[in-house]
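Colleague: I should be grateful for a close look at one part of this model, the strand pairing and its surroundings. Please begin with how burial is judged.

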Amino acid sequence: MKFIHTSDWHLGRQFHNVSLLEDQSAVLDQLIEYIAQHPVDAVVVAGDIFDRSVPPTAAVELLDQTVTRVCGELNTPMILIPGNHDGAQRLGFGASQMKQAGLHIISNFKQMLTPVVLESEQAGQVAFYGMPYSDPEQVRFAFDADVKDHDQSHQVLVEEIKARLQHAQKNVLLSHCFVDGGESSDSERPLSIGGSDRVSAGHFRCFDYVALGHLHQPQQRSEAHIRYSGSLMKYSFSEQDQKKGVTLVTLDENGFANAEHIALKAPREMRVLEGELEDIIARGKTDPNADDYLLVRLLDKHAILNPMDKLRAVYPNVLHLEKPGMLIGVEQQMAQAKLARSEADMFRDFFREAQESELSSAQEKALSAIVKDLLKQ
């Protein structure tokens, strides 16, 4: 059996007040095209389908279009669980009726205990169990269990599922959590504070494959069959070097056989550019990917007038600007040294930027006189 493991779509997400929906649609098109050319037995999405519990209408429409194409046109079942960004009840609306169309949404504990069973020639029956994201308080109430953190909650939930496993079947678990030791990114919302959100990978070893969601970097935890697929695309500048896509999982008669990363590329990447303004602008004039979403870190040490406007003339999607050369984000000791520059020096920087020329001798004398008068007051 082959199936796609994906997670953390975050449909409807905005980044620095810019909608990423167009990019998300393009990446999902690539995923659907891959499935059309390389048929699979299922697509599992391990949470955070939407970016917030009440998603914008356009995000709901995009999910609807995606489900229609995957389940309807390609006749490929989809299995979804809610993540911490999703509204579980909203996501699960009409779930019992949607099963007939091949869309399986596991959004509550009752559904969690009844697996989606699919068959293949190589692996036989494969049972997909979905564990919807839940806070410890929800687990404590639902199962009358004395749990204090996410690890204890997962232990309770896994034990409930294990009691229902059929050993003649291969068993796959979907879970949205922070497995201890995982590599995180800036774009992930913390599940709790003080480390109480960490979950031991040991709970998951009895399954043939564990499809994890929440962490945005593709990675395996503890063992090869316990994996994060990573997010659909990059959602922070800290992810600029991460390889985004989905995971193609293969199960055979012995269980887990292989996991392969299938790369997907967004129309606009997240990048960090560092250097002096003139150099960055010169690069932008010939940069084939000038439409990427950029964080620009300027190293110029003098004042610059309207740097964002100048950068956006060649890089239209500069979303954030840092100026460590002008004391932003530098260490206190360096900042104090920079502040030692005189008022006259700083005015010369401003004049140079505004007029694109140096002060004349007469202007230098006038500046000196004005500064002296001001310092006397």
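Modeller: Burial is read from relative accessible area, with buried meaning under 20%, exposed over 50%, and partly exposed in between (1.4 Å probe, protein chains only). The model is a predicted one, in which local features need pLDDT of at least 70 and side-chain atom pairs count only at pLDDT 80 or more, whereas totals for chains, interfaces and linings use all residues. Residues are numbered from 1 along each chain as its sequence is written, and side-chain values use heavy atoms, with hydrogens and water left out.

Cys 71 counts as buried because its relative accessibility is 7%. The structure holds zero disulfides, a disulfide being a pair of cysteine sulfur atoms within 2.5 Å. Cys 177 accordingly takes part in none, and the nearest cysteine sulfur, that of Cys 206, is 14 Å away. Cys 177 counts as buried because its relative accessibility is 1%.

I turn now to the sheets. Helices (H or I, at least four residues) and strands (E, at least two) are DSSP runs numbered from the N terminus, and two strands pair if DSSP finds at least two bridges between them. An open sheet of six strands follows the order E7-E8-E9-E12-E14-E13, and its pairing is mixed. Its edge strands, E7 (116–120) and E13 (219–221), each pair on one side only. On average, neighbouring strands of this sheet are turned by 30° against each other, direction ignored; axes are lines fitted to C-alpha atoms, for helices over the stretch in contact, and angles run from 0 to 180 degrees between N-to-C directions.

Within this sheet, six bridges hold strand E8 (residues 124–131) and strand E9 (residues 170–176) in the parallel sense. Gly 130 stands opposite Leu 174 in E9. Helix H7 (residues 150–162) packs on the sheet and touches both E8 and E9, its direction making about 150° with that of E8; contact means heavy atoms within 4.5 Å.

A further open sheet, of three strands, has the order E17-E18-E19 with parallel pairing. Strand E17 (270–275) and strand E19 (318–322) are its edges, and each pairs on one side only. Here the average turn between neighbouring strands is 20°, direction ignored. E17 and strand E18 (residues 293–298) run parallel and are joined by six bridges, with Leu 273 standing opposite Val 296 in E18. Helix H8 (residues 277–284) lies across E17 and E18, running at about 135° to E17.
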